[in-house]
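Me: I'm new to this structure and would like a close look at one part of it, the salt bridges. Could you begin with the whole and then take the bridges one pair at a time?

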Amino acid sequence: MLIRILVKAGYQCVEANNALQARQFLEDRNFDLILCDILMPGESGIDFIQYVSVKYPDIAVIMVTGIDDTQKADEALKVGVYGYIIKPFSEAQVLINVQNALRQRHLKIENRLHLENLEKKINERTAELRVSEKKFRSISVSAQDAIIMMNPEGKIDF
């Protein structure tokens, strides 16, 4: 039913019959989103989500389950699911959760890339400052005349 809803909405889907097959698919293909149940053949959905969040952190996961238990939902949310859909569900409920999960995934990736870029710029700027400081020290140590640096208030800084 999920595949029918998602394909009708324009999504491409692959169905795994168990956690082992899902892991194999993950090795062979790139995925944006996984929908899984808490109860899966071969492995619990929570364990599977933990595996995915460590090995494939850019994949969003939605839990789709018949277990209407806030404690289980909280456990799933703590391991990183983007949504928790309780069966039976409506088509709109699935599509809203999928769109939201994909939007959150996109923002998470965008944020990570932005932070990586900032970190790179900080490292580059720090390296430039170290070179500049080294040159300044070399000039000040080897100078034969006095060097005086004053701040805008007219006080001597160096």
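To start with, what percentage of the 158 residues in the protein do buried residues make up? And after that, how many salt bridges does the structure hold?

Reply: Happy to walk you through this. The model is predicted, so local features need pLDDT of at least 70 and side-chain atom pairs count only at pLDDT 80 or more, while totals for chains, interfaces and linings use all residues. Residues are numbered from 1 along each chain as its sequence is written, and side-chain values use heavy atoms, with hydrogens and water left out.

Your opening question has a short answer: buried residues make up 28% of the 158 residues. Buried means under 20% relative accessible area, exposed over 50%, and partly exposed in between (1.4 Å probe, protein chains only).

Now the overall layout. The protein has five helices and five strands, which are DSSP runs numbered from the N terminus (helices H or I, at least four residues; strands E, at least two). Reading from the N terminus, the order is α-α-β-β-β-α-β-α-β-α. With a radius of gyration of 27 Å, well over the 15 Å from the globule rule for 158 residues, the protein is more spread out than a compact globule. That radius is taken over C-alpha atoms, and the rule is 2.2 Å times the number of residues to the power 0.38. Along its principal axes, the C-alpha trace spans about 85 × 35 × 30 Å.

With that picture in mind, let's turn to the salt bridges. There are eleven of them in the structure, each a side-chain nitrogen of Lys or Arg within 4 Å of a carboxyl oxygen of Asp or Glu.

Start with K8 and E91, whose side chains meet in a salt bridge at 3.5 Å, N to O. K8 belongs to helix α1 and E91 to helix α5, so this pair ties together parts that are 83 residues apart in sequence. The surroundings of the two partners can be described too: K8 is exposed, with a relative accessible area of 64%, whereas E91 is partly exposed at 34%.

Next come K87 and D37, a salt bridge with its closest N and O atoms 3.1 Å apart. This pair also links distant parts of the chain, 50 residues apart: K87 sits in the loop between β5 (83-86) and α5, and D37 in the loop between β1 and β2. On the surface scale, K87 is partly exposed, with a relative accessible area of 39%, but D37 counts as buried at 17%.

For a bridge within one helix, look at E75 and K72, where the closest N and O atoms are 3.8 Å apart. The two are separated by about one helical turn because they are three residues apart in helix α4 (residues 70-78). Both ends are partly exposed: E75 has a relative accessible area of 33%, and K72 has 30%. Elsewhere, D58, R112 and E116 are joined into one network by salt bridges that share partners.

So you can trace a bridge from helix α1 to helix α5, another from loop to loop, and one inside helix α4.
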